[in-house]
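Biologist: I'd like to learn how to read cysteines in a model like this one. Could you walk me through it?

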Amino acid sequence: MGEPQNRRDFLLTLGTGAGIAALGYQGAASLRSLVPNVSYDAPTTVKVGLPAEFPDGLKFLPDQRLFIFREGTVFHAISAVCTHLGCTVRAEALSNPEARTVDGKALRLTHRFLCPCHGSKYTGDGGNVSGPAPRPLAWYHLSLASDDGQLVVDLANEVGHDFRLTTA
């Protein structure tokens, strides 16, 4: 008489244990799914090349959607992302370069920027002059890599329009 009861208790205990183990495993798997195995965020610092690889004037880097300007040994980087809805602006060469003082520093403007999506216009220093763009194009911090001397753009570090990197 006691054996069927023991068997029933055994099966009840085994089923309860299996249920608790399944719930525990499912809970752990759910918590683990909140932590990604790989980060797909784009890196914020990007090596763009040696300073000698950049001609005087403007060079567009389509992968980074970035304009690098060089005037002798002086460099600066301007975003090519329109501040309205994120379209890539295009540069248009000026027939007569303009000399302008931007935040107290002389700047020779050789281009202006136009957004092909909604018609925003920017000056050569990235200032918005017309169209729906709410603010100027971003300028990014530039530095030289200590290991190989390449220009490094920090896309997470916006700088003022007076920022320039002077190389030796």
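Biologist: Let's start with Cys115: does it count as buried or exposed?

Modeller: Keep in mind that this is a predicted model. The general idea is that a residue under 20% relative accessible area is called buried. Cys115 has 5% relative accessibility, so it counts as buried.

Biologist: And which cysteine sulfur is nearest to that of Cys115?

Modeller: That of Cys82, 3.7 Å away. To call a disulfide, you want the two sulfur atoms within 2.5 Å. At 3.7 Å, the sulfur of Cys82 is too far from the one in Cys115 for a bond, so Cys115 is in no disulfide. Cys82 is buried too, with a relative accessible area of 4%.

Biologist: How many disulfides does that rule give, then?

Modeller: One. It joins Cys87 to Cys117, with 2.0 Å from S to S. Cys87 sits in the loop between β4 (74-79) and β5 (90-102), and Cys117 in the loop between β6 (105-114) and β7 (121-122), so the bond ties together parts 30 residues apart in sequence.

Biologist: What is the handedness of the disulfide between Cys87 and Cys117?

Modeller: Look at the torsion about the S-S bond: here it is about -105 degrees, so the disulfide is left-handed. As for accessibility, Cys87 is buried at 17%, whereas Cys117 is partly exposed at 39%.

Biologist: Away from the cysteines, what is phi of Arg65?

Modeller: Near 50 degrees, a positive value in a residue other than glycine. Arg65 lies in the loop between β2 (57-61) and β3 (66-71), and it is partly exposed, with a relative accessible area of 28%.

Technical notes: Residues numbered from 1 in each chain as written. Predicted model: local features only at pLDDT ≥ 70, side-chain atom pairs only at ≥ 80, totals over all residues. Heavy atoms only, no water. Helix = DSSP H or I, 4+ residues; strand = E, 2+ residues; numbered from the N terminus. Buried < 20%, exposed > 50% of the residue type's maximum accessible area, 1.4 Å probe, protein only.
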